Each structure stands twice: as structure tokens, then as C-alpha cells.
Amino acid sequence: MKSVGVSIDRVDGIKKVTGQAKYVDDMKMARMLYAQVKRSPYAHAKILSIDTSEAEKLPGVKSVITGEYYKKRGGLYLEDKNFLAVGTAKFRGEAVAAVAAETLEIAQQAVDLIKVEYEELPAVTNAIEGMKPDAPIIHPDLGSYKVAPIFHPIAGTNISHHFKLRKGDVEKGFAESDYVTEHTYYVPHVQHVPIEPHVAVAQYEADGKLTVWASCQSPFAVRQALAASFDLPLNKVRVISPYVGGGFGAKAGTTLEGIVIPLSMLNCGRPVKLNYTREEEFEDSYVRQGVHIKIKTGVRKDGKILAEKVEYVWDAGAYTEYGVNIVKAAGLAALGPYDIPNAWADSYCVYTNHPVGGPYRGFGMCEIHFGLEQNLDMVAREIGISEVEIRRINGLRAGGITGTGQVLEDSGYQDCLETVVKEMDYDTPSVSPSPTKIRAKGIAGGWKSPSMPTDVASAAIIRMNEDGTFFLMTSGQDIGQGSDTALTQIAAEVLSVDPSKITIRTGDTDHTPYEWQTVASRTTYCAGNAVKLAAEDARDEILDLAQIKMGYGKRDLELRDGFVVHKMHPEIKVPISTFALGLTMPDASGIHGPLIGKGSFVVPNNMGFDHETGQGTKPVAFWTMGVNGAEVEIDTETGEIRVLKMVSCFDPGKVINPKLYDAQVEGAMVQALGTALFEELKLKDGKVLNKSFVDYKIPTADDMPELVVKVAEHAEPTGPFGARGIGEPVMVPGAPAIANAVANALGVRFYRMPITADDVLKALKEKKAQEA
């Protein structure tokens with residue numbers, strides 16, 4: 001292949017590095033108004049009154065709104081949220097009022113003049129406590145909320161979804177096991193920290209047309225959610241998402257768009273803009289959910305796991321309209337990439353008075369694997385076999401059965417495992433440079449499927465210009481991962497033209513075709529399939545016309561380097577541009593007209609599952625699996641952990657662009673390193689204590705380890721050229737690989753992340769005391 005499997009430069013690279021790429025915050029419009037937000041200082045409080053009179057009198061203020069202005073709830077999967085609090089504030093920082101003014105400064109002055117009287121209520125700040133019958137109920141009307149049929153809120157509780165997985169006979173499996181162990185873990189909240197904070201502009205026109213410019217990952221999903229929330233027909237809502245400065249899931253749903261829209265409706269014709277500060281980004285956009293993990297494992301002496309019982313209790317925050325789907329994904333993947341005959345898993349989505357939980361790279365997989373992969377090491381140690389061997393014994397192979405009962409046609413897990421073992425020279429112990437600097441290696445596996453409804457759709461359109469170049473239109477959104485480039489390469493391969501001959505356009509619901517969402521590592525797979533089908537449709541139209549003009553059968557012709565060429569006699573060729581506007585016949589009549597290819601894709605044979613057992617023939621589109629290795633050095637005098645080396649091997653099916661693949665994997669390993677060692681959104685009584693980069697640490701250049709990227713390609717039968725999604729899965733095993741390396745170095749296990757220097761020193765002190 002000429003275009004697929006080849007490293008080409010990013011199609012958006014020049015604009016981004018030269019500053020020509022325009023983001024939403026770069027937009028300056030005539031007569032623009034600026035919004036600011038009044039937020040709750042309490043984690044849970046009844047709103048007794050809101051006095052906006054002084055704010056409304058301030059010169060330059062155009063509108064002031066509260067939740068009473070528009071009370072209808074919205075949400076993607078569970079309609080449980082208001083964009084401005086109605087009746088009660090459910091987390092600290094929740095928007096309770098908003099102002100539109102001529103300048104940002106006036107808007108902030110007006111916000112300061114708004115007086116809100118609250119009655120503080122008992123808050124739920126622990127998910128396990130929130131499940132108890134006597135816990136304060138955060139959503140008393142939960143039983144009346146509109147919800148997608150695959151989710152099951154429990155009225156009268158704080159549980160917005162309970163996913164069940166039941167496979168085999170778990171108690172029988174435990175009875176037949178030689179060893180039964182039980183361990184618990186905790187993963188705290190973290191922030192996405194995209195380089196570009198959330199920003200949106202809304203403009204409502206006299207004819208009822210609403211246009212929203214938003215830094216969002218999924219324009220069509222945002223359009224649907226906003227249209228439903230504000231009772232607008234879809235043809236009257238246009239969502240435009242230009243360049244997006246990173247998302248990692250934080251920009252998958254709706255956040256501040258629902259605040260600027262009513263303000264724009266009150267100021268017809270005038271655009272209204274709201275841009276989150278970095279502090280607001282930490283507290284008021286989505287955060288990664290926290291989770292309490294309990295794992296009980298039954299294993300034979302030879303290392304074969306016979307039974308596993310898992311419980312995930314998710315701290316999903318004040319609204320779970322997106323979080324419920326993360327909880328479902330965790331349930332489907334509850335066992336990790338292992339063939340375990342008997343399993344029982346419960347995954348609970350629990351309301352708390354914490355910031356709103358939402359999608360984050362890995363979609364629950366990074367969190368659950370922190371427990372699963374450490375547990376596997378601990379089980380191996382307890383029965384006296386190596387951590388590599390227990391993965392060889394239990395890791396999924398072709399013909400293996402997942403926790404949901406799906407029989408895998410293929411599996412790259414074992415190849416990935418052996419590749420990482422080899423690249424890490426895993427069986428050779430690390431050499432520590434001094435008695436106080438200890439080195440060791442760790443390993444972990446991981447998997448992920450696209451967590452999406454079984455019938456989600458993708459579409460693409462490709463049209464030829466008169467000179468034989470093309471415009472490709474899709475709504476798979478490039479949020480930094482390089483999808484614009486990969487989709488261009490897929491089209492170029494089918495059409496046999498250089499990728500430079502194709503210009504891609506995305507992210508405008510009025511002008512680009514439908515795409516469900518840019519989430520779940522599904523863009524290369526779903527949008528890629530739609531693009532491939534559109535390009536094949538265009539190719540077929542070209543060949544249909546070419547056989548008329550050239551006088552040869554269609555089966556004897558092919559596209560090659562911008563020409564229609566006879567397969568056996570390549571000197572016989574016609575430029576594809578000949579057919580851009582159809583074909584002119586000898587009598588001067590025309591046929592066909594402008595050449596346009598279209599493609600629509602839905603995952604084949606992707607079916608639902610039993611809601612009581614989680615069992616199904618093919619409940620997910622595909623599984624992406626792989627393994628990470630890590631080598632660490634720990635200073636026992638300071639507690640500092642340095643990651644020296646990380647190795648990743650995953651099965652991407654087929655790599656479309658090796659350079660972009662390497663960038664995705666390297667970024668994933670570093671992001672995993674950050675969550676393992678540095679990142680935690682510190683919460684106390686519902687208050688975020690570290691909402692700036694002064695106190696919330698992420699990896700810097702000084703923290704970079706040696707990064708090694710390998711692949712084990714097993715073609716996905718339903719993927720474009722065999723490709724499957726990889727952007728999220730490649731982050732999954734990074735943190736547990738580091739945690740396992742730390743445990744191997746110190747002989748001490750850490751049951752929560754991040755593992756900090758203080759944690760290390762405390763653990764070493766306790767270990768020394770026990771040994772004494």
C-alpha cells in the first residue's frame with residue numbers, strides 16, 4: 001500500500017505550528033457580549049433566593065439569568081442536569097447565575113453583585129457512604145428522569161446505574177480453587193488538563209437559528225443534547241467545532257454551551273462568549289471519576305484463575321449523564337484481558353457532591369486496571385509463580401472467551417506480552433546503582449473496547465474537484481490525535497492519489513455529514529470505515545464512467561496515481577480529472593454530473609447483552625489489547641520515584657500512520673506516568689484544594705523516561721484496512737506497570753494512586769518497624 005501504513009506529516013501541522021489554526025477563543029465577532037458565572041460556594045445547598053437587581057442595574061450589563069429562567073433538564077444518556085442550578089446546588093462551583101455584558105470586566109463586576117442565600121445541606125463525599133440507605137439523597141426525582149434503556153437508575157437512592165456481569169458459577173469456582181485472595185484499591189479523581197480550556201460562543205438569530213461555536217469533541221452529540229434541552233428542531237441548531245486544543249474526553253459532552261445559549265436568546269443577533277479560566281477548568285468541567293475497587297480471586301496451584309468476583313463503586317459526582325456509560329464500560333471489561341471461566345462483577349455509578357465525573361482517556365479502563373493488574377501480581381506472588389507466567393496462563397488467546405461470553409476470533413495479547421518481556425529483558429533483574437537507589441521492573445496488561453451503543457453511525461462524503469483533487473467531509477473530530485491525517489490516508493489509498501491531493505473538512509453540523517461522537521477510540525475504525533466506503537463509492541463512479549470513455553470493461557480498469565489505467569496495458573490511461581463533472585458524450589450531451597462519493601457505516605453484528613448477566617454474543621465492536629513494561633529507580637532517602645524506561649506493545653490491527661501511532665503511544669505512557677506518580681484532584685468536603693498547576697502536578701520534560709513503542713498487528717476483520725482504535729487503550733496498562741515495578745523494588749504494595757515520595761517514605765518506615 002502507498003498511503004496506508006506510511007508515515008506522512010500531519011495535514012494540520014503547518015497551521016498549528018505557525019499559529020494560523022484558529023480556535024474558538026481566537027474568534028472576535030462584531031457586537032460580541034461576554035459571559036461570567038456566579039457559582040455555589042457549597043458542595044450541597046438549597047438555594048433560598050437569588051437577588052440579581054444590583055447586577056442588572058450595572059451599566060453595560062445586558063442580561064442576567066438564573067436556573068429559574070429555563071428549568072428543563074438535559075443529558076446525553078441520563079437527563080439529570082441543569083446548566084444552571086435549579087432548587088439546589090449539588091457541587092461546589094456549580095453555576096447558579098450568569099451574566100452577559102459588554103466587557104468581561106463588567107460581567108465579572110455584575111457577578112460579584114449577585115446575592116445568593118443558601119441553606120447548607122448534608123453532603124455526600126464518599127461513594128461507598130453514598131450507597132447506604134441513610135445517605136442524603138442528591139437527586140430525589142431520579143426515578144422520573146429520562147434515561148437511555150441500557151441504564152438502570154435506582155429510584156430513592158444515589159445509584160444512577162448498576163451494571164451486572166455474571167458468568168459461570170463463581171462460588172463453585174472459588175470452592176475448586178487452591179487459593180482464594182481478596183484485595184481492595186482506590187483510584188482518586190484526576191483532571192484532564194487540556195491545553196485549551198473549555199470555551200463557547202452562541203448566537204441566536206431572529207429567524208430562530210442558533211449557532212454555537214464550541215471547543216468540543218462531538219458536534220453532532222452536542223447538537224442533539226442542546227436541541228433537546230432547549231426544545232429546538234435540529235435544523236435550527238448549528239454546532240461548529242474548529243480546531244480543538246486537546247480534549248481527552250473532557251469536551252465530549254455539553255458544559256458551558258448551555259449557559260451561553262439562553263443569554264444569546266435574550267440578546268438576539270449578538271454573539272455571547274464564555275471562556276473557562278484554568279481554575280474553572282479544574283472544578284467546573286468534567287473530571288475523571290474516582291473508584292473503589294474490591295477483587296476476590298480464586299486460583300489453582302498451577303496459576304489458572306478459576307473465579308473472580310469484582311466490585312467497582314464509582315464516585316461519579318453531582319451529575320452522571322455521561323458517567324453511567326463509563327460504569328457500564330467498566331462492567332463489560334471487568335476481568336481485564338483474561339480468560340476466566342467463572343465471574344461475578346458489579347459496577348455502581350454513585351452520585352456524590354463532588355465535581356461532575358465524565359469521560360477521560362481510557363473511559364474507566366485505566367482505573368480498573370490499576371486494581372486488576374496489581375491484583376494479578378499479588379496472586380502470582382502468593383502462589384509462587386512469576387507475574388509473567390500468570391499472564392501467559394490466563395491471557396486471552398484466539399478462541400478465548402471474554403467475561404461477557406464473546407468468543408474471540410483473534411487476540412494479540414500473548415504476542416504483546418512476549419514482545420514486552422523481550423524488550424524489557426524482563427527476566428534479568430535490574431542493577432541498582434547504589435544501596436539507596438533501588439531499581440526494578442514491572443509489567444501489566446490491558447484492554448479496551450469502544451464504549452458506544454451497538455447501532456451508532458458514521459458518514460462521510462468525498463467530492464472530486466475539476467483538477468482531480470478532492471474534498472473529504474466527515475465529522476470525526478481531530479482533537480490532537482491526528483485523525484484528520486489518518487482519514488485522509490485511508491481515502492488516498494482507495495483513490496490511489498497522493499494524500500496531498502485531498503483536503504479534509506470536519507466539525508460543522510450544517511455542512512459535514514453525521515458522526516456519533518469522537519470518543520471511545522472509534523474514529524479511525526468507524527469514521528475510517530465510512531471514509532473508505534465513500535472513497536470506494538467515488539472510485540466506482542469513476543470506473544463506471546471510464547469504461548464508457550475508454551471502451552474497456554470495468555474489471556479491466558483500476559485507479560493508479562491519479563489516472564484510470566488498464567490493468568494489463570498501463571500505457572492506456574486517462575486522468576481521473578476527466579470525470580470530475582461527469583462525462584461529455586460524442587453528441588455533446590452530458591451524463592452523470594459532478595462526482596461525489598458517499599459512505600455510511602454501522603458496526604456489523606454488534607448486538608446488545610442481557611442486563612441481568614452482561615452476557616452477549618458480540619456486545620462490543622472489538623477489543624484492543626496490549627501490555628506495558630516499566631523500569632523504575634527509587635531513592636529510599638527521599639522517596640522519589642523515577643521511571644527510567646517504559647515499553648508498550650499493542651495490537652492495533654493495522655497501523656495507518658506509524659509516526660502518529662508512536663506519538664499516541666508515547667503520549668499515553670507519559671499521561672499514565674502522571675496519574676501513577678503525580679496527579680490527584682484533592683477534595684475536602686467537596687472543595688477542590690489544588691485547582692492550579694502550582695499544586696496539581698503533571699509530568700514535565702524532566703520526568704520523561706526512555707519510551708519504546710512496538711506493535712503486534714492482527715488485522716481487525718471489520719476495520720478499514722484491518723485497523724482498530726488505539727488512542728485510549730494504549731494508556732490503560734501504564735499506571736499499573738509502574739505500580740508493579742515500585743512494589744517489586746520495595747517489597748511494599750501501594751493500593752491507591754498516585755504513589756508519591758511521601759507515600760514511599762511512610763511505607764518504608766512502616767516496613768522497617770514491622771521487620772524490627
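**Exercise 1. Work out what kind of contact joins domain 1 and domain 3 in this predicted model: how many salt bridges are there, and what else is found across the interface?**

*Solution.* Start with the charges: between domain 1 and domain 3 the count of salt bridges is zero. Next, try polar contacts; here the rule picks out eight residue pairs across the interface, both partners at pLDDT 80 or more. Now look at which pieces of domain 1 do the touching. Helices α13 (483-495) and α14 (523-550) are the elements that give two or more residues to the side facing domain 3. Sorting the residues of that side by type gives 11 nonpolar, 10 polar and three charged.

**Exercise 2. Put numbers on the interface: how much area do domain 1 and domain 3 bury between them, and which three residues of domain 1 supply the most?**

*Solution.* First get the layout straight. The domain assignment gives domain 1 (12-17 + 453-602), domain 2 (31-121) and domain 3 (287-452 + 608-771). Over C-alpha atoms, the centres of domain 1 and domain 3 are 39 Å apart. Each of the two puts residues into the contact: 24 from domain 1 and 24 from domain 3. A handy yardstick for an interface is often the accessible area lost when the parts come together. For this pair that comes to about 1800 Å², with 65% of it on carbon and sulfur atoms. On the domain 1 side, the trio to flag is A520, S521 and Y525, which supply 35% of the area that domain 1 buries against domain 3, more than any other three residues.

**Exercise 3. Take T488: is this residue buried or exposed, and which residues does it contact?**

*Solution.* Find T488 in helix α13. Its relative accessibility is 0%, and the cut-off for buried is under 20%, so T488 counts as buried. Then skip the neighbours within four places in sequence, and the contacts of T488 are V11, L472, P499, I502 and I504.

**Exercise 4. Hunt for backbone oddities: which peptide bond is cis, and where do D425 and H592, with their positive phi, sit?**

*Solution.* Keep the baseline in mind: most residues other than glycine have a negative phi, and most peptide bonds are trans. The bond from M753 to P754 is cis, with omega near 0 degrees, and P754 lies in the loop between α16 (734-746) and α17 (757-771). D425, not a glycine, has a phi of about 45 degrees; look for it in the loop between α12 (413-423) and β18 (437-448). H592 is no glycine either, yet its phi is about 80 degrees, and its loop runs between β26 (590-591) and β27 (596-602). Finally, check accessibility: D425 is partly exposed at 42%, and H592 is partly exposed at 45%.

Technical notes: Residues numbered from 1 in each chain as written. Predicted model: local features only at pLDDT ≥ 70, side-chain atom pairs only at ≥ 80, totals over all residues. Heavy atoms only, no water. Domains from an automatic or database assignment. Contact = heavy atoms within 4.5 Å. Buried area = accessible area lost by both parts, 1.4 Å probe. Salt bridge = Lys/Arg side-chain N within 4 Å of Asp/Glu carboxyl O. Polar contact = N/O pair within 3.5 Å; in protein donor to acceptor, adjacent residues only side chain to side chain. Helix = DSSP H or I, 4+ residues; strand = E, 2+ residues; numbered from the N terminus. Nonpolar A, V, L, I, M, F, W, Y, C, P; charged D, E, K, R; others polar. Buried < 20%, exposed > 50% of the residue type's maximum accessible area, 1.4 Å probe, protein only.
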